[in-house]
Amino acid sequence: MEFRRITGLPPYVFTIIDSLKVEARRNGEDVIDLGFGNPDLPSPDIAVEKLIEAAQNPRNHRYSSSRGLPKLREAFAALYQRRFGVDLDPETEVINTIGAKEGLSHLMWVLLQAGDSVLVPAPSYPIHLFAPLFAGANVREMPLTADQDSFFETLKERFQYSWPRPRVIVLSFPHNPTTMCVDADFMQRVVDFAREQEVVVVHDLAYADLGFDGYLPPSILQADGAKDVAVELYSMTKSFSMAGWRVAFMAGNPAIVGALAKLKSYLDYGTFQPVQIAATVTMNEAQDYPAEACAVYETRRNALCDGLERIGWSVQPPKGTMFTWAPIPEPYADMGSVEFASMLVREANVAVSPGVGFGPGGEGHVRFALIENEQRINQAIRNLRSTLTRLDV
Ligand SMILES: Cc1ncc(COP(=O)(O)O)c(C=O)c1O
């Protein structure tokens, strides 16, 4: 049998590290897992309480609304007003999605057809690359550079030299895996360019609330004229540690929101209504939660980056996200990221993600996810020190 849409998919390299981790744990090893970006913090208490309460009411057991309950969309619009000063009409400019991943994937079906082209940063979070590919589009990569100004030049150049003319530009800052961050001025330049060129911009703001050292990640919807060309994905996964609940939103240009709503009305009936109710109350009442979670990640970032610096592994401390993007230390650079990451699981009991899992542009790096507590991160540093020193000799 041939499954043409998926046959060409490369193997998901993260599974290689994951199976090494499982194997080591089965052998009784204490592996410190800094691999998968799966938040370890508990969801807000109020989310759990409201979920239980709503689940006990049989009225909530039926099909729900695919676009999201009106109160859920209102709570989201209020959050955007508080956090970004952005006005959204909950009726026409907001739709609930089953996580950012689902929203982004189906959005690509709406925006792209076979043969269309789309610009995507490289390296990238896998679905940014694969959602357009699933839609049959041609992906043109925009290599990420160290600073936003030169990246903007790359974006313009790639746009100009791509044929067919790109219909969509995918962006996501703070960026997974590179942790690159941008400011509001960058967003304005992107929006101005997109309006000039009449191209749609899809911005995945998965790390909306994870900015460190006083940095607040901007929304693209803060830019003047953004709603003419842009939509943004905001997820409760990281901001409210609600990964498994699958609650996210797409907001912005009403025609695009309406188009996704139309497609989704054929595909799903929305998330389980008690989940929508719990998410509504959480956004309204646990308003301090995202900043508290961010403070935890910032402490972990400090522990990891200071620790790596102490053992002679120099990394750029991230200004945002829940990751650290680390160049493979010189003596091991030739190994490649999969072999290096495999070695770290086997020899140091530390799991990280190989950079090449985020596309060829990620080779030469590994990604640490800040999903273990400070003590465990310090233990990881000790393990890394003894392994890397031992192997150096
Ligand atoms: C850039 C980016 N987008 C989306 C997601 C997934 O978000 P969700 O859980 O809402 O699907 C992640 C999770 O790691 C991510 O890094």
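Me: What makes a residue part of the group around the ligand, and which ones come nearest?
Reply: A residue is in if one of its heavy atoms lies within 4 Å of the ligand. There are 14 of them, with Ala100, Asp204, Tyr207, Ser235 and Thr237 coming nearest. Keep in mind that this is a predicted model, where local features need pLDDT of at least 70 and side-chain atom pairs count only at pLDDT 80 or more, while totals for chains, interfaces and linings use all residues. Residues are numbered from 1 along each chain as its sequence is written, and side-chain values use heavy atoms, leaving out hydrogens and water.

Me: Why is the approach of tyrosine 207 to the ligand called a polar contact?
Reply: The term asks for a pair of N or O atoms within 3.5 Å. A polar side-chain atom of tyrosine 207 is 2.6 Å from a ligand oxygen, so the pair qualifies. Threonine 237 also has a polar side-chain atom 2.6 Å from an oxygen of the ligand, and for arginine 246 the value is 2.8 Å. The protein covers 94% of the 390 Å² of accessible area that the ligand has on its own (Shrake-Rupley, 1.4 Å probe).

Me: How do you know where the ligand sits?
Reply: The test is that more than half of its atoms lie within 2 Å of a pocket's grid points. The ligand sits in the largest pocket, so that test is met there. Helix 5 (99–111) and helix 10 (236–239) each give two or more residues to the shell around the ligand, and helix 5 has the largest share with three. Helices here are DSSP runs (H or I, at least four residues), and strands are E runs of at least two, numbered from the N terminus.

Me: What makes something a pocket, and what volume does the largest one have?
Reply: On a 1 Å grid over the protein atoms alone, a pocket is an open set with protein on both sides within 12 Å along at least five of seven lines, and lining residues have an atom within 4 Å of a point. The largest pocket comes to about 740 Å³. It is lined by 35 residues, and Phe36, Gly37, Lys101, Tyr125 and Lys238 are closest to its centre. Helix 2 gives the most to this lining, five residues.

Me: What makes the backbone at proline 123 stand out?
Reply: Most peptide bonds are trans. The bond from alanine 122 to proline 123 is cis, with omega near -5 degrees. Asparagine 176 and proline 177 are also joined by a cis bond, with omega about 15 degrees.

Notes: A polar contact is a pair of N or O atoms within 3.5 Å; within protein, one must be able to donate a hydrogen and the other to accept it, and residues adjacent in sequence count only if both atoms are side-chain atoms. On a 1 Å grid over the protein atoms alone, a cavity is a set of points where a 1.4 Å probe fits but cannot get out, and a pocket is an open set with protein on both sides within 12 Å along at least five of seven lines; lining residues have an atom within 4 Å of a point. Grid points are joined across faces, edges and corners, and a volume is the space filled by probe spheres set on the points.
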